[in-house]
Amino acid sequence: MDSNLASYILQYAGYLLEGGLVCYLAGSSQWKRHRATAFYVSCLLVAELSRVYALQKFGLRSAQYLSVYWTTDFLLVISLFILVCLFFRRACLHEEKMWRFVRLLLVFVGVLVVGISGLTFSHNYSHLFLRFVTEFNQNLYFTCLVLNTLLYLLLQQIESTDEQLGLLVCGVGIQFAGPAATLALLHLTDHEHFAQSLGPSFIRLCTVVMLLVWAYAITRIKEKAIQVSRSKNPILAEVTAD
Amino acid sequence: MIVAALVLILSTALFFFYFQVTCQKILRRQFDREYFQSIAIANRLEFPSLRKSLEEFGTPVDYSRLRMMLKCDFLALTYLLKNAANVNQRYSHEERLLILYFRWQFLSLAVRRLLRAGENKAILKLTSVLQYFANVVGQRVNAVKFGNLTAADYLLNL
């Protein structure tokens, strides 16, 4: 199959899934519980529709499309970071002490990424916004991949029984890791034809897989009260209460 | 260059890791009862005995026979998934993902065989996918009433 055709099919499948997921969450009573997911999917949908609109109106090589593309990319990466933060919050729902530490860590990581990306200001004065955004997006994207892996390890550590969250995190992991590997391959092969033709399709495929995994997690996994296997009341307190 | 290579290696490893974890999480789904046994008996599937022999004795059977057994069971079950008591006559998304996972594990079995490392682990993963498929088929067949026919009778008449 022509790689462009595959890419278009995956692109439209992605729009349908995003729209379907947003409608499902809006129509069901799960909006509040899945606000992080709904927020990110809505951002994804709005960003992609804006890009399509700009592409149709101004054309691929126009400055307007370029600015719409990079601005939406910037907002999407920030929404990804917020999504990971909200997943951390959900994981630490019954672990207030841990959440205080995690919150500090997330703020520190966010500031660090802005700081490192800000270094571009020091040695380049042309196309400042574009250079900063490109650098910032790359850094924050890879940071989110690492944070998501840490979140997965945290879920294992606290033996969380929130199966839905586990699957949501795995979906995000696929969405992060696939494109990161593809972009690194593109960079290493110096944008060789085969990598360049397969890259966009694979990135879209990862988005579709993430949306499918999320749809499965939200619709099929029965909602359980989030329990953490650790006892909430320490044994000592129970003994002394008697 | 080195950073890009590191990112590529790390991201690829993480991609396969998340893919595997996602599939295993889907496979952990609890069914209200074990439907797979009746499906295996009705269709003369061999994966339950293969799994049992591996868990009890830890010794796999002849490799070429093992591959054939797994492949035949896989073909039979994917056919049933698509056609037995399935109104849409197509796989669901998670089934497609698990089919992909099965093929990947099948490839990994061949590689493990060559390297002589962790062969039994791959076989157990393959049988767990087959068990899941059999459970799904059993649950679907069980949900549909066919007069006085049992799930096994229905499948024998298919």
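**Helix packing, core and chain contacts in a predicted two-chain model**

In chain B, helix α4 (residues 63–83) packs against α6(B) at an angle of about 30 degrees, and the two axes are 10 Å apart. The model is a predicted one. Angles under 35 degrees count as roughly parallel, and α4(B) and α6(B) are therefore roughly parallel to each other. The crossing in which α4(B) passes α6(B) is left-handed. On the α4(B) side, the contact is made by B:Leu70, B:Asp73, B:Phe74, B:Leu77, B:Leu80 and B:Leu81. On the α6(B) side, B:Leu126, B:Leu130, B:Phe133, B:Ala134, B:Val136 and B:Val137 take part. By class, the residues of this contact comprise 11 nonpolar, no polar and one charged.

Two of the α6(B) residues in that contact, B:Ala134 and B:Val137, also appear in the description of the largest nonpolar core. This core has 86 residues, and those that touch the most other members are A:Phe87, A:Ile174, A:Val213, B:Ala134 and B:Val137. Helix α7 of chain A (residues 163–188) supplies the largest share of the core, with 14 residues. For A:Ile174, neighbours within four places in sequence were left aside; the contacts of A:Ile174 within chain A are then with A:Cys206, A:Val209, A:Met210 and A:Val213. Across to chain B, A:Ile174 is in contact with B:Phe15, B:Tyr18, B:Phe19 and B:Thr22. A:Val213 is thus named both as a contact of A:Ile174 and among the core residues that touch the most other members.

The secondary structure of chain A consists of nine helices and zero strands. Read from the N terminus, the elements follow the order α-α-α-α-α-α-α-α-α. Chain A has 242 residues, of which 29% count as buried. Among the contacts in chain A with a separation of 6 or more, 70% are accounted for by residues 24 or more positions apart.

Between the chains, 20 residues of chain A are in contact with 15 residues of chain B. On the chain B side, the elements that give two or more residues are α1 (2–27) and α5 of chain B. The most comes from α1(B), with 13 residues. The side of chain B that touches chain A is made up of nine nonpolar, four polar and two charged residues.

Several loop residues were also examined. A:Glu159 lies between α6 (128–157) and α7 of chain A, in the loop. Its phi is near 50 degrees, a positive value in a residue other than glycine. A residue is exposed if 12 or fewer other C-beta atoms lie within 10 Å of its own; A:Glu159 has 10 and is therefore exposed. In chain B, B:Arg44 is placed in the loop between α2 (36–43) and α3 (47–57). Phi of B:Arg44 is likewise positive, near 50 degrees, and the residue is other than glycine. B:Arg44 counts as exposed because it has 9 C-beta neighbours inside 10 Å.

A further loop of chain B, between α5 (93–115) and α6 (119–143), holds B:Ala117. With 10 other C-beta atoms within 10 Å, B:Ala117 is exposed. B:Ala117 and B:Arg33 are 84 residues apart along the chain, and their C-alpha atoms are separated by 34 Å.

Terms used. Residues are numbered from 1 along each chain as its sequence is written. Chains are lettered from A and ligands numbered from 1 in the order in which they are written. This is a predicted model: local features need pLDDT of at least 70, side-chain atom pairs count only at pLDDT 80 or more; totals for chains, interfaces and linings use all residues. Helices (H or I, at least four residues) and strands (E, at least two) are DSSP runs, numbered from the N terminus. A residue is buried if 20 or more other C-beta atoms lie within 10 Å of its own, exposed if 12 or fewer, and partly exposed in between; C-beta atoms are placed from the backbone. A nonpolar core is a set of buried Ala, Val, Leu, Ile, Met, Phe, Trp, Tyr and Cys residues joined through C-beta atoms within 7 Å. Two residues are in contact if their C-beta atoms, placed from the backbone, lie within 7 Å. Ala, Val, Leu, Ile, Met, Phe, Trp, Tyr, Cys and Pro count as nonpolar, Asp, Glu, Lys and Arg as charged, and the others, Gly among them, as polar. Axes are lines fitted to C-alpha atoms, for helices over the stretch in contact, and angles run from 0 to 180 degrees between N-to-C directions. Angles under 35 degrees count as roughly parallel, over 145 as roughly antiparallel, 65 to 115 as roughly perpendicular and the rest as oblique. A crossing is left-handed if the near helix is turned anticlockwise from the far one by less than a right angle, and right-handed if clockwise.
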